[in-house]
Amino acid sequence: MRIGELAERAGTTTRTLRYYESRGLLPARRTEQGHRTYDEGDLRLLREIRTLQDFGFELEETRPFVDCLRAGHPAGDSCPASVAVYRRKLGELDALIGRLQEVRDQVAVQLLRAEAELPHGPEPRCELGTETAETTTSTEE
């Protein structure tokens with residue numbers, strides 16, 4: 001198949017495919033006329049790359065998965081290098097989750113403090129909200 005068809009079937013652009021080719025992730029096979037040509041295996045490589053990127057993997061992190069598929073393995077993650085990337089990414093995600101939990105805890109403390117300082121009685125009105133409501137009312141009239 002030609003580059004346009006591959007791009008369409010993979011849900012990407014020809015520019016992206018050329019970029020992947022320049023990075024060595026997609027083979028650069030050419031016809032006698034110089035046109036790029038691809039097969040179903042290339043579509044499989046692209047789907048692997050796209051799936052991993054959807055999970056937050058950087059393009060270079062997809063390389064071991066692509067290499068694994070190119071080596072004839074049934075799945076891109078059935079090679080030790082791919083498993084190592086999974087482990088590294090999982091560590092990064094765990095660290096991010098930990099940091100997000102810390103931030104969440106800090107925001108919860110600030111919320112409790114702010115709520116404790118509110119005067120008893122009806123909810124305080126935000127002056128910004130009041131101005132917006134008055135402006136809307138006078139504009140509509």
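Buried means under 20% relative accessible area, exposed means over 50%, and partly exposed covers what lies in between. Keep these cut-offs at hand for the exercises below, which walk through a predicted model.

**Exercise 1. Getting an overview**

Describe the secondary structure of the protein and how much of the chain is buried.

*Solution.*
- Step 1: Go through the elements. The protein has six helices and zero strands, and along the sequence they give the pattern α-α-α-α-α-α.
- Step 2: Turn to burial. Of the 141 residues, 24% count as buried.
- Step 3: Add the surface. Its accessible area comes to about 10,100 Å², and carbon and sulfur atoms contribute 55% of that.
- Step 4: Look at contacts that reach along the chain. Among those between residues at least 6 apart in sequence, 47% join residues at least 24 apart.

**Exercise 2. The buried side of α1**

Find the buried residues of helix α1 and work out how they are arranged around its axis.

*Solution.*
- Step 1: Helix α1 spans residues 3-10, and its buried residues are Ile 3, Leu 6, Ala 7 and Ala 10.
- Step 2: These residues cover an arc of only 100° around the axis, so they sit on the same side of α1.
- Step 3: Recall the helix geometry. With 3.6 residues a turn, an α-helix has residues three or four places apart pointing the same way.
- Step 4: Ask what lies over this side. The cover includes α2 (14-22) and α3 (40-54).
- Step 5: Follow the chain onward. Gly 11 comes after α1, and its phi is positive, near 70°.

**Exercise 3. A closer look at Ala 7**

Classify Ala 7 by its accessibility and list its contacts beyond four places in sequence.

*Solution.*
- Step 1: Ala 7 lies in helix α1.
- Step 2: The relative accessibility of Ala 7 is 3%, so this residue counts as buried.
- Step 3: Leaving out residues up to four places away in sequence, Ala 7 touches Thr 12, Thr 13, Thr 14 and Leu 17.
- Step 4: Now check a partner further along the chain. Leu 43 is 36 residues away from Ala 7, and the two C-alpha atoms are separated by 8.8 Å.

**Exercise 4. Salt bridges around Lys 89**

Trace the salt bridges that Lys 89 makes and say which parts of the chain each one joins.

*Solution.*
- Step 1: Lys 89 meets Glu 61 in a salt bridge, at 3.2 Å from N to O.
- Step 2: Lys 89 is in helix α5 (residues 80-117) and Glu 61 in the loop between α3 and α4 (63-70), so this pair ties together parts 28 residues apart in sequence.
- Step 3: Lys 89 also pairs with Glu 92, here at 3.3 Å from N to O. Both of these residues belong to helix α5, three residues apart, which is about one turn of the helix.
- Step 4: Compare the surroundings. Lys 89 and Glu 61 are both buried; the value for Lys 89 is 8%. Glu 92, at 36%, is partly exposed, because that value falls between the 20% and 50% cut-offs.

**Exercise 5. Other salt bridges**

State how many salt bridges the structure holds, and describe the pair formed by Arg 63 and Glu 60.

*Solution.*
- Step 1: The count is eleven salt bridges.
- Step 2: In the pair of Arg 63 and Glu 60, the closest N and O atoms are 2.5 Å apart.
- Step 3: Arg 63 has a relative accessible area of 21% and is partly exposed; Glu 60, at 38%, is also partly exposed.
- Step 4: Look for a network as well: Glu 21, Arg 30 and Arg 36 are linked in one.

**Exercise 6. The disulfide**

Locate the disulfide and explain which parts of the chain it connects.

*Solution.*
- Step 1: A search of the whole structure finds one disulfide. Its partners are Cys 68 and Cys 79, with sulfur atoms 2.1 Å apart.
- Step 2: The angle about the S-S bond is 85°, and the link of Cys 68 and Cys 79 is right-handed.
- Step 3: Cys 68 belongs to helix α4 and Cys 79 to the loop between α4 and α5, so the pair ties together parts eleven residues apart in sequence.
- Step 4: Both Cys 68 and Cys 79 are buried.

**Exercise 7. Inside and outside**

Contrast Thr 62 with Leu 96 in terms of accessibility.

*Solution.*
- Step 1: Thr 62, in the loop between α3 and α4, has a relative accessible area of 0% and is buried.
- Step 2: Not counting residues up to four places away in sequence, Thr 62 touches Leu 25, Ile 49, Leu 52, Gln 53 and Phe 57.
- Step 3: Leu 96 lies in helix α5 and is exposed at 52%.
- Step 4: Leu 96 joins Leu 90, Leu 93 and Ile 97 in a nonpolar surface patch of about 390 Å².

Conventions:
Residues numbered from 1 in each chain as written. Predicted model: local features only at pLDDT ≥ 70, side-chain atom pairs only at ≥ 80, totals over all residues. Heavy atoms only, no water. Buried < 20%, exposed > 50% of the residue type's maximum accessible area, 1.4 Å probe, protein only. Helix = DSSP H or I, 4+ residues; strand = E, 2+ residues; numbered from the N terminus. Arc of directions from axis to C-beta. Contact = heavy atoms within 4.5 Å. Salt bridge = Lys/Arg side-chain N within 4 Å of Asp/Glu carboxyl O. Disulfide = S-S within 2.5 Å. Patch = residues over 30% accessible without salt bridge, like charges linked within 9 Å, V, L, I, M, F, W, Y side chains within 5 Å. Areas by Shrake-Rupley, 256 points an atom, 1.4 Å probe, with all protein chains shown as cover.
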